[in-house]
Amino acid sequence: MTTALPTPAPLPVPEVAELGRRVLDEVATAVVGMRDALEIALATVLAGGHVLFEDVPGLGKTLAARSLATALGLDFARLQCTPDLLPSDITGSSVFDPASRAFEFRPGPVFTGLFLADEINRTAPKTQSALLEAMAERQVSVDGTTRPLPRPFHVVATSNPVEYEGTYPLPEAQLDRFMVRLAVGYPDRDQESEVLLRRVARRQEAAPVRPVVDAATVLAMQAGVEAVEVDHDVVRYCVDLAAATRAHASLEVGASPRGSQNLLLLARAVAVLDGRDYALPEDVKRVAVPVLAHRLTLTPTAWASAVRTEGVVQELLGTVAGPATVARP
């Protein structure tokens, strides 16, 4: 079990931006393309959130998660989700030790720095929900005892959106705990050729990635993001976007205050990775779809009309007025 680290002093914004660039460059040695998605995933980690990759199999989502964990110097655990998986397979359980004649707690794979739940929609809702407390509180409760998880702790889950047989949609409460839902998309012709050429050149399946930082430095980078103030007009813009989803005719359920808060936190982290100690409306617009789309529920009529929540968010970005100017610190 990883030992929790104390919160270090925050790193200055230029240093966070430089380390973030180096992390992304190192991940790029193993993962072709995905730069934008990986940057948002890294910003999500720096903002203290969790990531859901939802796309078809074979696009490198697991490789991206493993490479990001390695470059960040975090302990990594991967769990392949299956229909017969139990909550204790994630959290751990107490096992009787004949030598000591007592029950001893055996921690599950969730006691790590970055936990990958692969194909999370293949396991039952009861097991999916075992992650809820871990994602929200950074702790698990087993046999009446609450055990803290190591810091930093982040969940990256993958989901296949095109296959429905033998799968279980994530509960809305758990979807809301993911700060972002990202889609990688198919690579273009040149990128796919690069994937094949790199595989032939390295003469092995594994794509090695070197650690750039360690867990303590990740905490310092997160503290550096937390030290950045946000202009009141940008805050109001986040609130206005979330409020607009609650009044949209195609939506039965709009974004909650957690959605607007995550929109603000991720916009701030993206700004820091860009080397700025202030967030712009453009940062909010960049992350609005991955932050808000998975929190929205379509009306039956809109669903039958093949309306997509991503399209609704894009529409609102064009209709909700943002601040004309933003005060810089």
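Which residue follows α8, and what is the sign of its phi? Keep that in mind as you open the viewer; the tour will reach the spot.

**Before you start**

This is a predicted model, where local features need pLDDT of at least 70 and side-chain atom pairs count only at pLDDT 80 or more, while totals for chains, interfaces and linings use all residues. Residues are numbered from 1 along each chain as its sequence is written, and side-chain values use heavy atoms, with hydrogens and water left out.

**Stop 1: the five-stranded sheet**

Turn on the cartoon view. Helices (H or I, at least four residues) and strands (E, at least two) are DSSP runs, numbered from the N terminus. Two strands pair if DSSP finds at least two bridges between them. Look for the open sheet of five strands, which has parallel pairing and the order β2-β5-β8-β1-β9. Its edge strands are β2 (76–80) and β9 (180–182), each of which pairs on one side only. Neighbouring strands here are turned by 20° against each other on average, direction ignored; the axes behind that value are lines fitted to C-alpha atoms, for helices over the stretch in contact, and angles run from 0 to 180 degrees between N-to-C directions.

Now walk across the sheet. Select 114–118 to see β5, which runs parallel to β2 and is joined to it by five bridges. Leucine 79 has alanine 117 in β5 as its bridge partner. On to β8: four bridges pair it with β5 in the parallel sense, and phenylalanine 115 stands opposite valine 155 there. Four bridges also join β8 to β1, again running parallel, with phenylalanine 53 opposite threonine 158.

**Stop 2: strand β8**

Select residues 154–159. Are they buried or exposed? Buried means under 20% relative accessible area, exposed over 50%, and partly exposed in between (1.4 Å probe, protein chains only). Six of the six residues of β8 are buried. Show the side chains: His154, Val156 and Thr158 point one way, while Val155, Ala157 and Ser159 point the other way.

**Stop 3: histidine 50**

Next, select histidine 50, in the loop between α2 (35–46) and β1 (51–54). Histidine 50 counts as buried because its relative accessible area is 2%. Its C-alpha atom is separated by 5.0 Å from that of valine 155, although the two are 105 residues apart along the chain. Contact means heavy atoms within 4.5 Å; leaving aside neighbours within four places in sequence, the contacts of histidine 50 include Phe153, His154, Phe178 and Val180. Add arginine 138 to the view: its side chain makes a polar contact with the side chain of histidine 50 (3.5 Å). A polar contact is a pair of N or O atoms within 3.5 Å; within protein, one must be able to donate a hydrogen and the other to accept it, and residues adjacent in sequence count only if both atoms are side-chain atoms.

**Stop 4: a hairpin and a cis bond**

Select 139–148. Strands β6 and β7 form a hairpin with two residues between them, and aspartate 143 in the turn has a positive phi of about 55°. Four bridges pair the two strands in the antiparallel sense, and valine 140 has arginine 147 in β7 as its bridge partner. Along β6, Val140 and Val142 point to one face and are buried, whereas Gln139 and Ser141 point to the other and are not.

Move along to proline 152, in the loop between β7 and β8. The peptide bond from arginine 151 to proline 152 is cis, with omega near -5°. Most peptide bonds are trans, and most residues other than glycine have a negative phi.

**Stop 5: helix α8**

Select 189–202. The end C-alpha atoms of α8 are 20 Å apart, which agrees with the 20 Å that its 14 residues should span at 1.5 Å a residue; the expected span is 1.5 Å times one less than the number of residues. At the N-terminal end, aspartate 188 is the cap: a side-chain oxygen lies 3.2 Å from the backbone nitrogen of aspartate 190. Here is the answer to the opening question: arginine 203 follows α8, and its phi is positive, near 60°.

**Stop 6: helix α12**

Finish with residues 281–292, helix α12. Nine of its twelve residues are buried, among them Val284, Val287 and Leu292. The buried residues pack against α2, β9, α10 (232–246), α11 (257–273) and α14 (309–319).
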